[in-house]
Amino acid sequence: IEGFIGGVAADEPRAALEGQKILSAGGNAVDAATAVYFTLAVTLPSRASLGGGGICMVFDHETKNILALDFLSRVPINIPKTASRPSAVPGNPLGFFILHNRFGRFQWESLVAIGEKLARLGTIASRVLINDLEPVATALIADAESRRVFLQKNGNLISEGTLMRQLNLASVLSQLKNNGPSELYRGKFSQRFVNGVKRAGGSISSKDLLSYKPEWREVLSRKFDNYEINFAPPPASGGLVSAQMFGMLERNELFEDASTNEKYHILVETALR
């Protein structure tokens with residue numbers, strides 16, 4: 001392969017490498033993003049677990065439209081007084097399935113299998129994972145499954161370079177690979193998930209899982225100089241904040257009239273505000 005085929009940015013190195021492999025093999029951006037996510041679900045669950053959610057912007061080359069899929073985690077319908085921990089309805093498995101089903105080229109099974117293999121055979125704990133785990137070590141010790149995965153036999157937190165094997169996660173990923181996300185939202189595993197959340201002090205119900213649906217939304221768009229910039233829409237807050245920043249930069253041509261050195265300063269001050 002000659003020339004630039006695309007770049008991948010991720011919070012953890014293994015995930016970026018797996019995404020780059022997909023691009024090199026002929027996959028598109030959605031294929032790479034799916035591979036990156038299911039890798040992160042294993043290597044960096046503190047930021048991209050199966051229980052999380054997100055929002056993804058996609059440029060559709062056929063229609064020339066920019067779309068945003070909202071699969072952010074949702075609040076449970078009912079939160080009983082007995083619930084001791086906050087919990088949310090997971091959006092990632094179904095969100096990535098819908099995203100891939102519409103735009104992906106590669107087989108869903110082949111992309112999920114990347115994370116499944118890493119969970120089953122083991123992956124090396126990265127520095128960024130350890131940095132995420134250290135502040136919540138007390139909570140990890142309190143949970144039996146977390147102790148099994150993230151603590152050494154002597155009771156100490158695993159360190160950078162430790163081999164992590166997550167067989168239960170591998171089993172779940174195997175089901176997602178073979179049957180899609182239906183197992184999590186309406187299959188036998190959904191009841192196991194609900195029971196697990198309740199044992200941990202949460203409050204998700206089967207009805208919460210059944211009623212969860214990602215939504216396609218219109219993106220936020222604004223002009224800046226000669227360009228049109230698109231941002232992720234609410235309920236995600238990052239896109240709205242970014243759009244406001246560009247509005248501030250454009251006011252009275254503040255950014256355009258500044259010198260090169262001043263532009264850096266103006267950009268930082270805008271971000272602070």
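This is a walk through the structure above, stop by stop, with something to select at each one.

**Before you click**

You're looking at a predicted model, where local features need pLDDT of at least 70 and side-chain atom pairs count only at pLDDT 80 or more, while totals for chains, interfaces and linings use all residues. Residues are numbered from 1 along each chain as its sequence is written, and side-chain values use heavy atoms, with hydrogens and water left out.

**Stop 1: the whole chain**

Start with everything shown as a cartoon. You should find 14 helices and seven strands; helices (H or I, at least four residues) and strands (E, at least two) are DSSP runs, numbered from the N terminus. The C-alpha trace spans about 60 × 45 × 40 Å along its principal axes.

Switch on the surface. About 15700 Å² of the chain is accessible, and 53% of that belongs to carbon and sulfur atoms (Shrake-Rupley method, 1.4 Å probe; for residues, only the protein chains shown count as cover). Of the 273 residues, 40% are buried. Here buried means under 20% relative accessible area, exposed means over 50%, and partly exposed is in between (1.4 Å probe, protein chains only).

How much of the contact map comes from residues 24 or more positions apart? They account for 62% of the contacts with a separation of 6 or more, a contact being heavy atoms within 4.5 Å.

Now colour by charge. The chain has 30 positive and 27 negative charges, and their mean positions are 12 Å apart. Lys and Arg count as positive and Asp and Glu as negative, with His and the chain ends not counted; each charge is placed at NZ of Lys, CZ of Arg, CG of Asp or CD of Glu.

**Stop 2: the N-terminal segment**

Select Gly 7, in the segment before H1. Gly 7 is exposed, at 58% relative accessibility. Leave out residues up to four places away in sequence, and Gly 7 touches Gln 20 and Leu 23. For a quick distance check, go C-alpha to C-alpha from Gly 7 to Leu 17: they're 10 residues apart in sequence and 10.0 Å apart in space.

Stay in this segment and add Asp 11 and Arg 47. They form a salt bridge, with the closest N and O atoms 3.4 Å apart. The pair links distant parts of the chain, 36 residues apart: Asp 11 is in the segment before helix H1 (13-24), and Arg 47 is in helix H3 (residues 45-48). To count as a salt bridge, a side-chain nitrogen of Lys or Arg must be within 4 Å of a carboxyl oxygen of Asp or Glu. Both partners are partly exposed: Arg 47 has a relative accessible area of 45%, and Asp 11 comes in at 44%.

**Stop 3: more salt bridges**

The whole structure has 13 salt bridges. For the next one, select Asp 70 and Arg 217, whose closest N and O atoms are 2.8 Å apart. This pair also links distant parts of the chain: Asp 70 sits in strand S2 (residues 65-71) and Arg 217 in strand S5 (residues 215-218), 147 residues apart. Buried or exposed: which is Asp 70? Asp 70 is buried, at 0%, while Arg 217 is partly exposed at 27%. Add Arg 74 and Glu 215 to the selection, and you have a salt-bridge network of Asp 70, Arg 74, Glu 215 and Arg 217.

Then jump to Glu 269 and Arg 273, a salt bridge at 2.7 Å, N to O. Glu 269 is partly exposed at 27%; Arg 273 is exposed at 69%.

**Stop 4: a hairpin**

Select residues 220-231. Strand S6 (residues 220-224) pairs with strand S7 (residues 227-231) in the antiparallel sense over five bridges; pairing takes at least two DSSP bridges between the strands. Phe 224 has Tyr 227 in S7 as its bridge partner. Two residues lie between the strands of this hairpin, and Asp 225 in the turn has a positive phi of about 60 degrees.

**Stop 5: two buried helix residues**

Thr 34 is in helix H2 (residues 29-43) and is buried at 0%. Beyond four places in sequence, Thr 34 touches Phe 96, His 100, Trp 108 and Leu 111.

Finish on Asn 92 in helix H4 (residues 92-103), buried at 5%. With residues up to four places away again left out, Asn 92 has contacts including Tyr 37, Gly 53, Phe 71 and Tyr 185.
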